[in-house]
Amino acid sequence: MSAPAITDRYPSRLEAEQPPILRSEPVVWGAADEGPLAPPALTQMSEQGFLIRPSTVYDATVSALRSEIDRVPSQLGDDPRIIREAGSQEVRSIFEAHVLSSVVMDVACSPGVLDVAEQLLGGPVYLHQSRINAMPAFRGRGFYWHSDFETWHTEDGLPQMRTVSCSIALTVNVAYNGTLQVMPGTHRTFYPCVGATPRDNHRKSLVEQEIGVPSTQTLAEAAVTSGIELFLGQPGDALWFDCNLMHGSGSNISPYPRSNVFLVFNSVENTPQKPFAGYEPRPEYIAARDFTPLTPRSPSSI
Ligand code: 6CS
Ligand code: FE
């Protein structure tokens, strides 16, 4: 007898358009007395799906992180973890940044980061994905609208929305250098997407995501209620956003590069199953298989 099929709460990569699905899990899993976030911040996260926390890392740490954008690729050479811009050889992302850089791992485990992630997800967490994103000046290309959870569910097998991202600015994030745009409140709805997952989709999707994006009609309808907000921040500021928040970024034609460190925390109670609409699970440098909970590191080490 074959094993009973796992019911999929959030089907996507479908043949035809399907109506939106209301989220069933909480957004905030921990309580106000379980971490640094006070009730207003928890409410903001719960209702809007994102939260800005200024001055999350010190200037010296920002500098150390920025130097990793040159150091890591020059030491690694040709490596799948280094993603380059389509039309040029400029570095776009460095994946598995917490493995390649102890500075990144120290930041992920620092007070004001790890304790926030644990509070939001209600217990121990590990890193599902990490990267340094570097959007070059003039020709840096953005990402079309998407929910990260849509990809992490279909291609990586994360069963529930119990995952949160922390994006730490390493440069100024201004309206004209391709900063992140979010649709507040969309994290409470799952938007199924049309189109089957191609084999080895990540080879394309990490440069330009075409599969796993909602239709323009769906996006237009969502934006009527949500509106669109920009993440505007200084180096060292952090943007926390829920795994299912609709977001994207425009191109950067300004003379100012935009870079950030992107940390994806997942609850240890939400480890991946078989991909819900993909083939092989994606490589470990994109979807981690080391579920060891992170433990705090003292601020003196960063
Ligand atoms: O593939 C990922 O894991 C992430 N990258 C993209 C372009 N979309 C989904 C998710 O944010
Ligand atoms: Fe994303």
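Reader: Which residues are linked with Arg-13 in a network of salt bridges?

Author: This is a predicted model, and a search of the whole structure finds 12 salt bridges. Side chains of opposite charge can pair when their charged atoms come close. In the network that includes Arg-13, the linked partners are Glu-150 and Glu-155.

Reader: Which residue forms a salt bridge with Asp-242, and where do the two lie?

Author: Asp-242 belongs to strand β11, while its partner sits in the loop between β1 (21-22) and α1. The two are 219 residues apart along the chain, yet their closest N and O atoms are 2.8 Å apart. Both residues are buried. The partner of Asp-242 is Arg-23.

Reader: How many residues apart in sequence are the parts that Arg-141 and Glu-208 tie together?

Author: The closest N and O atoms of this salt bridge are 3.5 Å apart. Arg-141 lies in the loop between β5 and β6 (143-146), and Glu-208 lies in the loop between α7 (202-205) and α8 (216-226), so the pair ties together parts of the chain whose separation in sequence is 67 residues.

Reader: Is Arg-141 buried, partly exposed or exposed?

Author: Buried means under 20% relative accessible area and exposed means over 50%, with partly exposed in between. Arg-141 has a relative accessibility of 36%, and its salt-bridge partner Glu-208 has 35%. The value for Arg-141 therefore makes this residue partly exposed.

Reader: In the salt bridge of Arg-162 and Glu-269, which residue is exposed?

Author: The side chains of Arg-162 and Glu-269 meet at 3.2 Å, N to O. Arg-162, in the loop between α6 (148-154) and β7, has a relative accessible area of 7% and is therefore buried. The partner in the segment after β13 has a relative accessible area of 56%, so the exposed residue is Glu-269.

Reader: Which strands are the edge strands of the open sheet?

Author: Seven strands form the sheet in the order β2-β11-β7-β13-β5-β4-β3, with antiparallel pairing. An edge strand pairs on one side only. The twist averages 20° from one strand to the next. The edge strands are β2 (50-53) and β3 (82-84).

Reader: Which residue in β13 does Ser-167 stand opposite?

Author: Strand β7 covers residues 163-169 and strand β13 covers residues 258-267. These two strands pair in the antiparallel sense over seven bridges. Opposite Ser-167 stands Phe-262.

Reader: At about what angle does helix α5 run to β13?

Author: Two helices can be placed by the strands they lie across. Helix α1 (residues 39-48) lies across β2, β7 and β11 (238-242), and runs at about 140° to β2. Helix α5 (residues 114-121) lies across β2, β5 (125-135), β7, β11 and β13. Its angle to β13 is about 45°.

Reader: Which residues coordinate the iron ion (ligand 2)?

Author: The donors follow the spacing H-x1-D-x98-H along the chain. Their distances to the iron ion are 2.1 to 2.2 Å. Two of these residues count as buried, because His-146 has 8% relative accessibility and Asp-148 has 7%. The coordinating residues are His-146 (NE2), Asp-148 (OD) and His-247 (NE2).

Reader: Why does the arrangement around the iron ion (ligand 2) count as irregular?

Author: Ideal angles at a metal are 109.5 degrees for four tetrahedral donors. To count as tetrahedral, four donors need all angles between 85 and 135 degrees. Here the four donor atoms subtend angles of 54 to 149°, so the arrangement is irregular.

Key:
Residues numbered from 1 in each chain as written. Chains lettered and ligands numbered in written order. Predicted model: local features only at pLDDT ≥ 70, side-chain atom pairs only at ≥ 80, totals over all residues. Heavy atoms only, no water. Donors = N, O, S within 2.8 Å, 3.2 Å for Na, K, Ca; no water. Tetrahedral: all angles 85-135°; square planar, octahedral: opposite > 155°, others 65-115°. Buried < 20%, exposed > 50% of the residue type's maximum accessible area, 1.4 Å probe, protein only. Pairing = 2+ DSSP bridges. Helix = DSSP H or I, 4+ residues; strand = E, 2+ residues; numbered from the N terminus. Axes fitted to C-alpha atoms, helices over the stretch in contact; angles between N-to-C directions. Contact = heavy atoms within 4.5 Å. Salt bridge = Lys/Arg side-chain N within 4 Å of Asp/Glu carboxyl O.
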